[in-house]
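Visitor: Hey, could you walk me through this one? I'm new to reading structures.
Guide: Sure, have a look at it here.

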Amino acid sequence: MNKIAEARKKYTDWCRGIGIDSVDELNRFLEERGGIELINLCEAKQERDYADIADMIKERGDKAKIVLMAGPSSSGKTSSSLRIALQCRVLGLNPKVIELDNYFVDRELTPLGPDGKPDFECLGAMDTELLNRQINELLKGKAVEIPHFLFAKGKKVYDGNFLKLEENDILIMEGIHGLNPDLTPHVDRNRIFHVYVSALSALFISEMLQNSPTDKRLLRRILRDNRTRGISPEENILRWPSVRRGEKNNIFPYEENADVVFNSTLLYDLPMLKYYTEPILHGIAESSPAYEKAQQLLTILRHIKALTPAEIAAVPPTSIMREFIGGQTLK
């Protein structure tokens with residue numbers, strides 16, 4: 001059994017163990033026991049999973065001082081990197097978190113895709129030479145000046161952010177190419193711990209209606225981008241096929257390179273997403289090219305019991321879902 005299948009099976013077994021392996025059972029739990037109990041249960045499980053990953057990193061000792069994380073869109077990678085960092089601190093490690101996006105090449109050097117437009121998701125858009133050189137210098141105990149990529153200008157700048165890895169320090173870096181061996185070809189593989197993060201599971205609705213993890217990630221993305229980036233649900237749905245192509249080319253082929261797979265699915269995420277996304281999806285006009293997909297998503301949501309505002313308020317400020325609804329306290 002491969003690592004992805006093993007992670008799915010582990011989650012399925014857990015769901016069965018608590019008596020929720022279908023949408024009907026999920027709705028029944030919410031009716032009888034309430035959303036707050038479900039939220040607490042799911043968050044406690046994820047905290048144990050994060051702690052297990054931190055234990056694995058700690059066991060590597062000085063052999064693996066670099067942690068690279070990757071996963072598809074809206075999997076909760078940013079929150080997961082910060083939650084793992086927090087658990088590492090509990091174990092006496094001193095994690096430092098950097099986004100791999102800081103290592104983009106300057107925009108004029110970005111390779112063009114088949115459509116003649118800059119392909120920001122391909123590996124060639126990354127300054128792998130600089131990244132490899134700096135990682136190796138850090139592993140040798142040297143100080144390096146970490147770049148900061150200014151997206152508005154499309155350029156890297158250096159603003160005095162120097163980094164040196166001391167005895168108990170580890171460096172956590174998150175980005176779409178984190179599991180691709182061609183990202184760090186000149187770094188000793190044994191010095192890197194790889195983590196794959198994705199929402200891998202979905203509950204059964206019916207033989208006629210499929211509820212996919214991919215649709216769940218799209219709903220997360222619609223909610224987050226509508227709230228923080230000014231991107232409408234319609235725009236997000238129309239961009240989704242391009243996002244999916246990037247995932248298939250740059251992320252999914254390297255899943256099995258992970259040392260550990262983290263399943264970021266939460267049983268309460270669809271009930272919470274229904275509360276936020278159902279009203280805005282209804283706003284997509286029938287004349288829109290995004291209408292059909294919006295209706296597919298609404299059909300799934302109609303089978304889900306929504307959380308109440310009081311229940312949503314119980315979502316911890318460190319939860320993955322705070323990445324999408326706001327109110328997160330992780331830094």
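Guide: We'll chat about a pair of helices and then some salt bridges, keeping in mind that this is a predicted model.

Visitor: Okay, helices. At what angle do H8 and H9 pack, and how far apart are their axes?

Guide: Helix H8 covers residues 269-281 and helix H9 covers residues 291-301. They pack at an angle of about 140°, and their axes are 10 Å apart.

Visitor: So what do you call that arrangement of H8 and H9?

Guide: Oblique. Roughly antiparallel would need an angle over 145 degrees, and about 140° falls outside that, so H8 and H9 count as oblique to each other. As for handedness, H8 passes H9 in a left-handed crossing.

Visitor: Which residues meet there?

Guide: On the H8 side you have Leu270, Lys274, Thr277, Glu278 and Leu281. On the H9 side, they meet Ala294, Leu297, Leu298 and Leu301. By class, that contact has 6 nonpolar, 1 polar and 2 charged residues.

Visitor: Switching topic: how many salt bridges are there?

Guide: The count comes to 22 salt bridges. The general idea is that side chains of opposite charge can pair when their charged atoms come close.

Visitor: Cool, give me one. Where in the chain are Glu108 and Lys155?

Guide: Their side chains meet in a salt bridge, 3.3 Å from N to O. This pair links distant parts of the chain, 47 residues apart. Glu108 is in the loop between strand S2 (94-99) and helix H5 (128-139), while Lys155 is in strand S5 (residues 155-157).

Visitor: Are those two buried or exposed?

Guide: Glu108 has 55% relative accessibility, so it counts as exposed. Lys155 is at 36%, so it counts as partly exposed.

Visitor: What about a salt bridge within one helix, like Arg221 and Asp225?

Guide: Those side chains meet at 3.9 Å, N to O. Arg221 and Asp225 are 4 residues apart in helix H6 (residues 213-228), so about one helical turn separates them. Arg221 is buried, and so is Asp225.

Visitor: And how far apart are Arg239 and Glu235?

Guide: The closest N and O atoms of Arg239 and Glu235 are 3.9 Å apart, and the two form a salt bridge. They sit 4 residues apart in helix H7 (residues 233-250), so about one helical turn lies between them. Arg239 is partly exposed at 38% relative accessibility, and Glu235 is partly exposed with a relative accessible area of 34%.

Visitor: Which residues do shared salt-bridge partners join into one network?

Guide: Arg221, Arg224, Asp225 and Arg229 are joined that way.

Definitions and conventions
Residues are numbered from 1 along each chain as its sequence is written. This is a predicted model: local features need pLDDT of at least 70, side-chain atom pairs count only at pLDDT 80 or more; totals for chains, interfaces and linings use all residues. Side-chain values use heavy atoms; hydrogens and water are left out. Axes are lines fitted to C-alpha atoms, for helices over the stretch in contact, and angles run from 0 to 180 degrees between N-to-C directions. Helices (H or I, at least four residues) and strands (E, at least two) are DSSP runs, numbered from the N terminus. Angles under 35 degrees count as roughly parallel, over 145 as roughly antiparallel, 65 to 115 as roughly perpendicular and the rest as oblique. A crossing is left-handed if the near helix is turned anticlockwise from the far one by less than a right angle, and right-handed if clockwise. Contact means heavy atoms within 4.5 Å. Ala, Val, Leu, Ile, Met, Phe, Trp, Tyr, Cys and Pro count as nonpolar, Asp, Glu, Lys and Arg as charged, and the others, Gly among them, as polar. A salt bridge is a side-chain nitrogen of Lys or Arg within 4 Å of a carboxyl oxygen of Asp or Glu. Buried means under 20% relative accessible area, exposed over 50%, partly exposed in between (1.4 Å probe, protein chains only).
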